[in-house]
Amino acid sequence: MNPFKLAFILLIMSTLLLAGCRIEWDAAPEVKTKQNTGKLVKLDGKVNLKSNELIIEGKSNLPKNSVIYASIKEYGDLSSKYGAIIHWQAEASAEITAEGTGKVDKDGNYSITLPRKDPSKRYLLEVLFNPALQPLKIQEIYGINGENMKLIVGMTKVDNVTVVSRVVPIVSITDPNGNDIAWGLCETMFQTKPKPIK
């Protein structure tokens, strides 16, 4: 047999043989899904509406000396109707009207008092656990940017830091349940209508 024909037949047979052996190469690296196994943060509370102040009291599972931050923002004139804020249909101003902090005690309790500068106006109250505001020992537990926290309802981002937020509208002193009554903090603005605590 002609050596060229033999080489050609061997080449064809090798190609057919190799065609049956296919090697798949996956260039994408294996992506490991991060389990939601971080540190759980519980943050509950209420706000007592007084004629000249707002008294926020709550309970958490946070370590002693954790800092809890609270602020109020005024609802604008176009969206300041009672029904609009109770049904989370109004938008609060970006400007903070009053703010303050409180520390968690050994039993997990915290308290913050804010001035109610104009009781005739309506406000949005927000209470936060922000890991960036914590002492170093507490940041080591939850992460400086909240990276060690378990994902829960009511988490949001503030300046690239994951925070646990609780909100409630502060009604006018002339509105129903606008004075000398407590309102429970809500996990988000999209849950059920906020209610006074009887």
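Biologist: Let's start with one residue: why does W88 count as buried?

Modeller: W88 has a relative accessibility of 14%. The cut-off for buried is under 20%, so W88 with its 14% counts as buried. Please keep in mind that this is a predicted model.

Biologist: Where is W88 found, and what is its phi?

Modeller: W88 is found in the loop between helix 2 (82-86) and strand 4. Its phi is positive, about 55°, although W88 is not a glycine.

Biologist: What makes a positive phi worth pointing out in a residue that is not a glycine?

Modeller: Most residues other than glycine have a negative phi. N177 also has a positive phi, about 60°, and is not a glycine. The place of N177 is in the loop between strand 8 and strand 9 (181-184).

Biologist: Is N177 buried, partly exposed or exposed, and how do you know?

Modeller: N177 has a relative accessible area of 27%. Partly exposed lies between the 20% and 50% cut-offs, so at 27% N177 is partly exposed.

Biologist: What makes N160 count as exposed?

Modeller: The relative accessibility of N160 is 66%. Exposed means over 50%, so N160 counts as exposed. N160 is found in the loop between strand 7 and strand 8. The C-alpha atoms of N160 and G146 are separated by 9.3 Å, and these two residues are 14 residues apart along the chain.

Biologist: Let's try two more residues. Why does L133 count as partly exposed, and why does D44?

Modeller: L133 has 43% relative accessibility and counts as partly exposed. D44 has 49% relative accessibility and counts as partly exposed too. Exposed needs over 50%, so D44 at 49% does not meet that cut-off.

Biologist: Where do L133 and D44 lie, and which residues do L133 and D44 touch?

Modeller: L133 lies in the loop between strand 6 and helix 3 (136-142). Not counting residues up to four places away in sequence, L133 touches V67 and Y69. D44 is found in strand 1 (residues 43-49). With that same exclusion of residues up to four places away, D44 touches G58, K59 and Y110.

Biologist: How far apart in sequence and in space are D44 and G184?

Modeller: D44 and G184 are 140 residues apart in sequence and 8.3 Å apart in space, C-alpha to C-alpha. For L133 and S66, the values are 67 residues in sequence and 8.7 Å in space, again C-alpha to C-alpha. Across the chain, among contacts between residues at least 6 apart in sequence, 66% join residues at least 24 apart.

Biologist: Now for the rings. Why are F129 and Y142 called an edge-to-face aromatic pair?

Modeller: The ring centres of F129 and Y142 are 5.2 Å apart, with 75° between the planes. Centres within 6.5 Å make a pair, and planes over 60 degrees apart count as edge-to-face, so F129 and Y142 fit both parts of the rule. The count by this rule comes to one aromatic pair. F129 lies in strand 6 and Y142 in helix 3, so the pair ties together parts that are 13 residues apart in sequence. F129 and Y142 are both buried.

Biologist: Which residues touch the most other members of the largest nonpolar core?

Modeller: They are V47, I56, I68, Y110, L125, V127 and F129, in a core of 41 residues. Strand 6 (residues 123-129) supplies the largest share of this core, five residues. In soluble globular proteins, nonpolar side chains tend to be buried together. Take I56: among the residues it touches, beyond those up to four places away in sequence, are V47, Y110, L125 and V127.

Biologist: What is the volume of the largest pocket, and which strand gives the most to its lining?

Modeller: The largest pocket has a volume of about 370 Å³. Of its 20 lining residues, E126, T156, S165, V167 and M189 are the closest to its centre. Strand 7 gives the most to the lining, with four residues. By kind, the lining divides into nine nonpolar, six polar and five charged residues.

Biologist: How many helices and strands does the chain have?

Modeller: The chain has three helices and ten strands. Of its 198 residues, 39% count as buried.

Definitions and conventions:
Residues are numbered from 1 along each chain as its sequence is written. This is a predicted model: local features need pLDDT of at least 70, side-chain atom pairs count only at pLDDT 80 or more; totals for chains, interfaces and linings use all residues. Side-chain values use heavy atoms; hydrogens and water are left out. A nonpolar core is a set of buried Ala, Val, Leu, Ile, Met, Phe, Trp, Tyr and Cys residues joined through side-chain atoms within 4.5 Å. Buried means under 20% relative accessible area, exposed over 50%, partly exposed in between (1.4 Å probe, protein chains only). Helices (H or I, at least four residues) and strands (E, at least two) are DSSP runs, numbered from the N terminus. Contact means heavy atoms within 4.5 Å. On a 1 Å grid over the protein atoms alone, a cavity is a set of points where a 1.4 Å probe fits but cannot get out, and a pocket is an open set with protein on both sides within 12 Å along at least five of seven lines; lining residues have an atom within 4 Å of a point. Grid points are joined across faces, edges and corners, and a volume is the space filled by probe spheres set on the points. Ala, Val, Leu, Ile, Met, Phe, Trp, Tyr, Cys and Pro count as nonpolar, Asp, Glu, Lys and Arg as charged, and the others, Gly among them, as polar. Rings of Phe, Tyr and Trp (its six-membered ring) pair if their centres lie within 6.5 Å; planes under 30 degrees apart count as stacked, over 60 as edge-to-face and the rest as tilted.
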